[in-house]
Amino acid sequence: MRDFNRLRADAAIKGVLASGKPDSPVLQQQTCLRCANIWWPRRPQKPLRCPGCKSPYWDRPRKLKIAPSPVVASISRAALQDSLRTELAKALGTSQPESGGLTDRSLVKALDVLKEMKAAGRTWQEMAERVEREFGTRLDKDQLKALVR
Ligand SMILES: [Zn+2]
């Protein structure tokens, strides 16, 4: 009987020790990624909100809204023009190195035509049709715009 009691006491002690075992969750200082608030949570669970700014997304950095258009436009305008020139030159069948002069003339002519049409107030649709008819290449409005500008 005394043995039994001692076992019970052991178990109780072990239980107490077990509840404080080292791998139990430990309180960690938290930092809000939104307002940079630093605080100690009361419970080991992940805090629901930042006590500073009340944001539930305090553990995630704010996503910057990506505004691609201005960046893309500034990067690619020249690149687009280059690739279109190449494309046009290819379409005109004058992309061979030995006929570089001819390529330039045809291309310049195509661009002149487009610029004239734009100056004359023609629509992009009309310009696209003319390019397709005379130069055999299909350009959309954005491509035309990039070329004519
Ligand atoms: Zn915060």
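Where does Lys141 lie? Lys141 lies in helix 5, and I would like to start from that residue and work outward, keeping in mind throughout that what we have here is a predicted model.

Lys141 counts as exposed because there are 12 C-beta neighbours inside 10 Å, and the cut-off for exposed is 12 or fewer. Its C-alpha atom is separated by 5.7 Å from that of Trp124, although the two residues are 17 apart along the chain. On helix 5, Lys141 and Asp142 are exposed residues carried by the face that is turned away from the buried side of the helix. The buried residues of helix 5 are Gln143, Ala146 and Leu147. Seen down the axis of helix 5, these buried residues fall within an arc of 95°, so they line one face of the helix. As general background, an α-helix has 3.6 residues a turn, so residues three or four places apart point the same way.

Let me step back to the whole chain before going further. The protein chain has 5 helices and 2 strands, and read along the sequence its pattern is α-β-β-α-α-α-α. Of the 149 residues in the chain, buried residues make up 12%. Taking the contacts between residues at least 6 apart in sequence, 31% of them join residues at least 24 apart.

On confidence, the mean pLDDT of the chain is 75, and 67% of the residues reach 70 or more. Confidence is lowest in helix 1, residues 2–19, where the mean is 55, and it is highest in strand 2, residues 38–39, at 96.

Now to the interior. The largest nonpolar core has 13 residues, and those with the most contacts inside it are Leu88, Ala110, Leu114 and Val131. At least two residues of this core are supplied by each of helix 2 (68–91), helix 3 (100–119), helix 4 (124–135) and helix 5 (141–148), with helix 2 giving the most, namely 4 residues. If we leave aside the neighbours within four places in sequence, Leu88 is in contact with Leu107, Ala110, Phe135 and Thr137.

Helix 2 also holds Ala78, which is exposed because 10 other C-beta atoms lie within 10 Å, again against a cut-off of 12 or fewer. Ala78 and Ala146 are 68 residues apart in sequence, yet their C-alpha atoms are 8.5 Å apart in space; Ala146, as I said, is one of the buried residues of helix 5.

Helix 4 can be described by its length: it has 12 residues and reaches 16 Å from its first C-alpha to its last, close to the 16 Å expected at 1.5 Å a residue. Helix 4 is followed by Gly136, whose phi is positive, near 70°.

That brings me to the other positive phi values I wanted to show. Most residues other than glycine have a negative phi. Ala36, however, has a positive phi near 65°; this residue sits in the loop between strand 1 (30–31) and strand 2, and it counts as exposed because it has 11 C-beta neighbours inside 10 Å. Lys54 also is not a glycine and has a positive phi, of about 65°. Its place is in the loop between strand 2 and helix 2, and with 12 C-beta neighbours inside 10 Å, Lys54 counts as exposed.

The loop between strand 2 and helix 2 deserves a few more words, and I will take Ser55 and Arg60 in turn. Ser55 lies in this loop and is partly exposed, with 16 other C-beta atoms within 10 Å. Apart from neighbours within four places in sequence, Ser55 is in contact with Cys32, Arg34, Arg49 and Cys50. For the pair Ser55 and Cys32, the separation is 23 residues in sequence and 8.6 Å in space, C-alpha to C-alpha.

Arg60 lies in the loop between strand 2 and helix 2 as well, and it is exposed, with 10 other C-beta atoms within 10 Å. Arg60 and Arg34 are 26 residues apart in sequence and 7.6 Å apart in space, taken from C-alpha to C-alpha. Arg34 is therefore a residue we have already met, being among the contacts of Ser55.

How values were computed
Residues are numbered from 1 along each chain as its sequence is written. This is a predicted model: local features need pLDDT of at least 70, side-chain atom pairs count only at pLDDT 80 or more; totals for chains, interfaces and linings use all residues. A nonpolar core is a set of buried Ala, Val, Leu, Ile, Met, Phe, Trp, Tyr and Cys residues joined through C-beta atoms within 7 Å. A residue is buried if 20 or more other C-beta atoms lie within 10 Å of its own, exposed if 12 or fewer, and partly exposed in between; C-beta atoms are placed from the backbone. Two residues are in contact if their C-beta atoms, placed from the backbone, lie within 7 Å. The expected span of a helix is 1.5 Å times one less than its number of residues. pLDDT is the predictor's confidence in each residue, from 0 to 100. The arc is that of the directions from the helix axis to the C-beta atoms.
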